[in-house]
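Reader: I am new to this structure and would be grateful for a close look at its salt bridges. Please describe the charged side chains with care, and then set them beside some of their surroundings.

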Amino acid sequence: MNASDSNGQQSNVQEFDAIIVGAGVAGLYMLHRLRGLGLTARVIEAGDGVGGTWYWNRYPGARCDIESLDYSYSFSEELQQEWTWSERYAGQPEILRYVNHVADRFDLRRDIQFETRVTSAIFDGDTATWLVETDAGDRFAATYCIMATGCLSVPQVPQIKGRESFEGPHYYTGWWPHDGVDFTGQRVGLIGTGSSAIQSIPVVAGQADHLYVFQRTPNYSVPAHNGPPDPERVQAVKANYPEFRRRARESRSGFLTAPSPYQEISALDVSEDVRREQYEWRWSIGGFGFTGAFSDLLRNKKANETAAEFVRERIREIVDDPDTAEKLIPRDYAVGTKRLCLDTNYYETYNRDNVTLVDIRSAPIEEITSHGLRTTDAEYEFDTLVFATGFDAMTGALLRIDIRGRNGLGLREVWQDGPKTYLGISVAGFPNLFLITGPGSPSVLSNMMVSIEQHVEWTSDCIEYMEEHRIRTIEATADAQEEWVEHVNEVGDSTLYPQTNSWYMGANIPGKTRVFMPYVGGVGAYREKCDEVAAEGYAGFELESAVSADSSQAS
Ligand code: NA7
């Protein structure tokens, strides 16, 4: 259609019921649900394909740290029956194939505009529409604006002196080239030892002539014990998917770990023998269940220390060189309070002759040079540089867009001292804007698939309600938001998370406000709260009727 812009000029504005930003796992399902309501939607995606996280993060060894059976859509029984995973923890290529399969199976591509980045989303209070603009010069008007922008989608470019002066190829794990990188015969420098690094280091070390790993903070990692999925388990799950999914949705983290009799008991209330037996058993199974061995591992420093010490012992056991082992041992934060890593041969990789661990905490990087880097201690030469330096998590992708609510209110200003939301879905002052797995929701502390599906379904149910009841706008009240933020903080403060400098706290980004962003109250309890809010006619939200808006405009 043709519409006038604020300068009175004619401009092409395309109208949709909803604009969805991002064609990752969340954006695709959101589109599918809105189509089911008979609404028109356009998805805007920066990449040239679907997949979000799984589209961008193609670094060697990239893999999901939630088991494939859990990390998959549950909304279609046919889909979950027909798809078969080849590994217990699927690798990035397989997950990307799966997401592409979903896009094709539900014919989603025709409503996605690729290679386009949303630059601004501005709410017009007079017409109650969002005006969304892109870097390609598009202008869209929509009643609903849904941010499916992902929690870990803006890679961090570290501010290290001389970064631009490196003359060899350099790569970011979160923006990996699509045709891969062959490290054969190369000397490689890799900065970072978070999840992405821990997954890629064993693979890069297997190819490279020499690998230098530059570590600022050592991480705790537990074995994934990846491999083909257990056929009996797959069969059992497929025979009863609804029950499997129900239990995941009601669980604490959105997936089930092996149950044990001690889950409700403090680690300090059992003997040393029982603790050891539990940790050994969890270590032998692998995966995130490790910190669920006892009730208080993420709440009580002393209890946590028993688990941390167990991991330290394993590192000393696996790594041959005692000096390297000591460097790899995390000491100054509780296990699990930075995202626990799951690995395949990570610590073992330091036993290779072609791998050198460089501790840049004791001797920081001074400068990246044309052929390597210099620390306060020594100079290192390499051919290729890999940045595994993480993301501007949870708020980064949202704040890159100029989002403005009522009266030009900017999200960047409103969130200057940290994000504030109602339920992690909505922000006071920003009507008809929905955040999928926004800060203040379980999101990154949960199985993202479960949390994404829950938010998408809640949002589409809300939109259906609005359409049926002729509601023009829905907006979180400032009071409900304050109360929710207080609750999120209170629950967060009852854990050890806020005591650690992590990306959950925004502490990895220089200058970012330090605040614990996800909601740690549990996926099941959180879902109940969201359902209650909806059942009460969207308690904590202000709903403006289209009928009264029409009559007030007429008078
Ligand atoms: P992470 O977990 O944030 O790891 C980033 C790593 O990079 C971490 O070891 C950082 O050290 C290091 N880093 C970041 N900036 C610098 C600078 N300037 N100098 C040296 N080292 C630096 O990101 P990942 O991509 O590994 O994982 C993110 C999540 O994706 C993961 O948890 C999974 O959920 C999936 P630091 O710890 O800050 O000292």
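Author: A salt bridge is a side-chain nitrogen of Lys or Arg within 4 Å of a carboxyl oxygen of Asp or Glu. The model shown here is predicted, and it holds 34 salt bridges. One group of these residues is linked in a network of salt bridges: Glu305, Glu309, Arg312, Arg316, Glu326 and Arg331.

Individual pairs can be described in greater detail. Arg63 and Glu87 form a salt bridge in which the closest N and O atoms are 3.0 Å apart. Arg63 belongs to the loop between α2 (53–56) and α3 (77–82), whereas Glu87 belongs to the loop between α3 and α4 (92–105), so this pair ties together parts that are 24 residues apart in sequence. Arg63 is partly exposed, its relative accessible area being 24%. Glu87, for its part, is partly exposed with a relative accessible area of 23%.

The salt bridge of Asp107 with Arg110 brings the closest N and O atoms to 2.7 Å from each other. Asp107 has a relative accessibility of 40% and counts as partly exposed; Arg110 is exposed, with a relative accessible area of 56%. Another salt bridge is found where the side chains of Asp402 and Arg404 meet, at 3.0 Å from N to O. Arg404 counts as partly exposed, at 25% relative accessibility.

Against these pairs, Arg245 deserves separate attention. This arginine is found in helix α7, which covers residues 241–250. Arg245 is buried yet has no salt bridge. The nearest side chain of opposite charge is that of Asp70, 5.9 Å away; a salt bridge requires the nitrogen and the carboxyl oxygen to be within 4 Å, so a separation of 5.9 Å does not qualify. What, then, do the polar atoms of the Arg245 side chain meet? One of them lies 3.1 Å from the backbone oxygen of Leu69, and the side chain of Arg245 is also joined to that of Gln80 by a polar contact of 3.0 Å. Leaving out residues up to four places away in sequence, Arg245 touches Leu69, Asp70, Ser72, Tyr73, Ser74 and Gln80. Asp70 is thus among the residues touched by Arg245, although Arg245 has no salt bridge.

Further along the chain from Arg245, the loop between α7 and α8 includes Ser266. Ser266 counts as buried because its relative accessibility is 15%. Its side chain reaches the backbone nitrogen of Leu268 at 2.9 Å. Apart from residues up to four places away in sequence, Ser266 touches Phe294, Ser295 and Asp296.

Val270 lies in the loop between α7 and α8 (272–285), and it counts as buried at 13% relative accessibility. Its contacts, with neighbours within four places in sequence left aside, are Tyr262, Ile265, Arg275 and Phe294. Val270 and Phe294 are 24 residues apart along the chain, and their C-alpha atoms are separated by 9.7 Å. Phe294 also appears among the residues that Ser266 touches.

A buried residue elsewhere in the chain is Ile463, placed in helix α14, residues 448–468. Ile463 is buried, with a relative accessible area of 0%. Its contacts beyond four places in sequence are Leu34, Leu37, Leu39, Tyr144, Ile146 and Phe434. The C-alpha atoms of Ile463 and Thr143 are 9.9 Å apart, although their positions lie 320 residues apart along the chain.

Charged residues appear again around the ligand. It is surrounded by 20 residues, of which the closest are Thr193, Ser196, Arg216, Thr217 and Lys338. A polar side-chain atom of Thr217 comes to 2.4 Å from an oxygen atom of the ligand, and an N or O atom in the side chain of Ser196 is 2.6 Å from a ligand oxygen. Ala388 contributes through its backbone, where an N or O atom lies 3.2 Å from an oxygen atom of the ligand. Taken alone, the ligand exposes 780 Å², and the protein buries 86% of that.

Note on methods
Residues are numbered from 1 along each chain as its sequence is written. This is a predicted model: local features need pLDDT of at least 70, side-chain atom pairs count only at pLDDT 80 or more; totals for chains, interfaces and linings use all residues. Side-chain values use heavy atoms; hydrogens and water are left out. Helices (H or I, at least four residues) and strands (E, at least two) are DSSP runs, numbered from the N terminus. Buried means under 20% relative accessible area, exposed over 50%, partly exposed in between (1.4 Å probe, protein chains only). Lys and Arg count as positive and Asp and Glu as negative; His and the chain ends are not counted. A polar contact is a pair of N or O atoms within 3.5 Å; within protein, one must be able to donate a hydrogen and the other to accept it, and residues adjacent in sequence count only if both atoms are side-chain atoms. Contact means heavy atoms within 4.5 Å. A residue is near a molecule or strand if one of its heavy atoms lies within 4 Å of it. Accessible areas come from the Shrake-Rupley method with a 1.4 Å probe; for residues, only the protein chains shown count as cover.
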